Amino acid sequence: MDLEALEEIRRLKHRYLRCVDLKQWDEFAGLFADGAVAEYDTPVLGSTLRLEGRAAIVDYMRANLGSDKISAHTAGSPEIDLDGDRATGVWSLDDTIIIPEHRLLIRGAAFYHDVYRRGGDGQWLVEKTGHKRTYEYMVSLDDVPSLKFTTPVDGSR
């Protein structure tokens, strides 16, 4: 078992989530292979979202999870299988999106199914990613009158 490769893939996935939540789009772009594909189960949109290519993935995330939204994504319990310079991974996901402008909170859980490849420089990249929801719900922040944010909801601090 290549424990170093397993750790590199774990770190790659966690960088992916950190970059989304901190809106670090240039670093986020560097995590994907040129022809990467993403397929996200999006019940709130009523369909699976398919994005083809690094630029399409980054552009979508930048436009839909930008600085006007707060997000928190965690992934754990990885099941990673290595096959030379390719690997697959299944991860449990728990996520929260807060959209202050619309006074909306979206929560959910899913399982990511990823494909990774090691480039000529030895770095692992995301070749394919996507998740299938186990649940998702929305609630208006107005429905929770006692809710009080103790940090600014615009992401500033």
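The largest nonpolar core of this predicted model holds 36 residues. Tyr 16, Phe 28, Phe 32, Tyr 40, Ile 57 and Tyr 116 touch the most other members. Helix H1 gives the largest share of this core, eight residues. In soluble globular proteins, nonpolar side chains tend to be buried together. An open sheet of six strands and 14 salt bridges complete the outline below.

**Sheet**

- The six strands run in the order S2-S1-S6-S5-S4-S3. The sheet is open, and its pairing is mixed.
- Strand S2 (47-52) and strand S3 (70-83) are the edge strands. Each of them pairs on one side only.
- From one strand to the next, the twist averages 15°.
- S5 and S6 are antiparallel partners, joined over 13 bridges.
- Arg 118 has Trp 124, in S6, as its bridge partner.

**Helices on the sheet**

- H1 packs on the sheet. The strands that H1 touches are S1 (32-42), S3, S4, S5 and S6.
- The direction of H1 makes about 160° with that of S3.
- Helix H3 (residues 54-64) also packs on the sheet, where it touches S1 and S2. The direction of H3 makes about 45° with that of S1.

**Salt bridges**

Side chains of opposite charge can pair when their charged atoms come close. The structure holds 14 salt bridges; those below are among them.

- Lys 13 and Asp 114 meet through their side chains, with 2.8 Å from N to O. Lys 13 lies in helix H1 (residues 3-22) and Asp 114 in strand S5 (residues 104-118), so this pair ties together parts that are 101 residues apart in sequence.
- Is Lys 13 buried or exposed? Its relative accessibility is 2%, so Lys 13 counts as buried. Asp 114, at 3% relative accessibility, counts as buried too.
- Asp 142 forms a salt bridge with Arg 103. The closest N and O atoms of this pair are 2.8 Å apart.
- What does the Asp 142 and Arg 103 pair tie together? Asp 142 lies in the segment after strand S6 (124-140), and Arg 103 lies in the loop between strand S4 (86-99) and S5, so the linked parts are 39 residues apart in sequence.
- Asp 142 is exposed because its relative accessible area is 51%, over the 50% cut-off. Arg 103 has 37% relative accessibility and counts as partly exposed.
- Arg 133 pairs with Glu 136 in a salt bridge, with the closest N and O atoms 3.3 Å apart. Arg 133 is buried, at a relative accessible area of 16%. Glu 136 counts as partly exposed, at 24%.
- Glu 39, Arg 50 and Glu 52 are linked in a network of salt bridges.

**Positive phi**

Most residues other than glycine have a negative phi. Two residues with a positive value follow.

- Lys 23 is not a glycine, and its phi is positive, near 60°. Where is Lys 23 found? Lys 23 sits in the loop between H1 and helix H2 (25-29).
- Ser 77 is not a glycine either, and its phi is positive, about 50°. Ser 77 lies in strand S3, which is an edge strand of the sheet.
- Ser 77 counts as exposed because its relative accessibility is 57%.

**Segment after S6**

- Ser 146 is found in the segment after S6. Asp 142 lies in this segment as well.
- Ser 146 has 67% relative accessibility and so counts as exposed.
- How many residues along the chain lie between Ser 146 and Val 37, and what separates their C-alpha atoms? They are 109 residues apart along the chain, and their C-alpha atoms are separated by 41 Å.

**Record annotation**

- UniProt lists residues 2-128 as "domain: SnoaL-like", in an unreviewed entry.
- Over residues 2-128, the chain is 28% helix and 51% strand. The end C-alpha atoms of this stretch are 21 Å apart.

Technical notes
Residues are numbered from 1 along each chain as its sequence is written. This is a predicted model: local features need pLDDT of at least 70, side-chain atom pairs count only at pLDDT 80 or more; totals for chains, interfaces and linings use all residues. Side-chain values use heavy atoms; hydrogens and water are left out. A salt bridge is a side-chain nitrogen of Lys or Arg within 4 Å of a carboxyl oxygen of Asp or Glu. Helices (H or I, at least four residues) and strands (E, at least two) are DSSP runs, numbered from the N terminus. Buried means under 20% relative accessible area, exposed over 50%, partly exposed in between (1.4 Å probe, protein chains only). Two strands pair if DSSP finds at least two bridges between them. Axes are lines fitted to C-alpha atoms, for helices over the stretch in contact, and angles run from 0 to 180 degrees between N-to-C directions. Contact means heavy atoms within 4.5 Å. UniProt positions are given in the numbering used here, feature names are shortened, and annotations may be inferred rather than shown by experiment. A nonpolar core is a set of buried Ala, Val, Leu, Ile, Met, Phe, Trp, Tyr and Cys residues joined through side-chain atoms within 4.5 Å.
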